[in-house]
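Got the viewer open? Let's take a short walk, one selection at a time.

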Amino acid sequence: MTAYRTIVVGTDGSDSSYVAVEKAGALAGVSGATLVIACAYYPTDDRDVAAAADVLKEEAYQVRGSAPTNEILRIARDKAIAVGAADIVERAIVGEPVESLLALMKEVDADLLVVGNRGLNTLAGRLLGSVPSDVARKSRSDVLIVHTVR
């Protein structure tokens with residue numbers, strides 16, 4: 001197996017997505033790869049976020065990606081540095097997570113995409129699809145799905 005040169009990891013600011021960031025950061029560190037930390041979001045106002053959180057309940061972590069991406073990316077960068085990543089790029093992307101991550105993979109010519117497994121075993125994930133299953137199905141590059149929730 002050849003070493004990865006560019007690794008993209010997606011985060012939405014949830015604790016489970018930061019586990020994926022740490023795994024991607026460690027892998028980037030040992031392979032000397034560039035780590036691109038991505039946060040996809042939709043611009044919203046506070047009323048929209050509150051209404052979505054009321055509806056989503058325990059899945060409300062998903063609306064945080066619509067909030068302060070700079071803070072999410074800063075936390076993710078700190079976590080990646082702590083596990084050995086050195087060459088880090090941060091990207092906030094307006095749009096839906098799956099298509100945004102796949103477009104970013106192509107743009108930066110990444111050879112690995114890292115995502116957490118959150119959503120794979122939920123009813124919504126089974127009915128509507130989830131970020132990990134959708135990117136694994138659609139990606140033309142390697143995908144590492146990190147077990148962040150069990």
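Start by selecting Leu102, Met105, Lys106, Asp109, Ala110, Lys138, Ser139, Arg140 and Ser141, which line the second largest pocket. (On a 1 Å grid over the protein atoms alone, a pocket is an open set of points with protein on both sides within 12 Å along at least five of seven lines, and lining residues have an atom within 4 Å of a point.) This is a predicted model, where local features need pLDDT of at least 70 and side-chain atom pairs pLDDT 80 or more, while totals for chains, interfaces and linings use all residues. Residues are numbered from 1 along each chain, and side-chain values use heavy atoms, without hydrogens or water.

Now colour helix H4 (residues 97–108): it gives the largest share of that lining, three residues. (Helices are DSSP runs of H or I with at least four residues, strands runs of E with at least two, numbered from the N terminus.)

Stay on H4 and pick Glu107, which makes a salt bridge with Arg91, closest N and O atoms 2.9 Å apart. (That takes a Lys or Arg side-chain nitrogen within 4 Å of an Asp or Glu carboxyl oxygen.) Arg91 sits in strand E3 (residues 88–94), so the pair ties together parts 16 residues apart in sequence.

Next, helix H3 (residues 69–82) holds both Asp78 and Arg74, four residues apart. Their side chains meet in a salt bridge at 2.8 Å, N to O.

Last stop: Asp134 and Arg137, both in helix H6 (residues 131–138), with closest N and O atoms 2.4 Å apart in their salt bridge. Before you leave, add Glu71: salt bridges with shared partners join Glu71, Arg74 and Asp78 into one network.

Note on methods: 1 Å grid on protein atoms, 1.4 Å probe; cavity = no way out; pocket = protein on both sides within 12 Å on 5 of 7 lines; lining within 4 Å.
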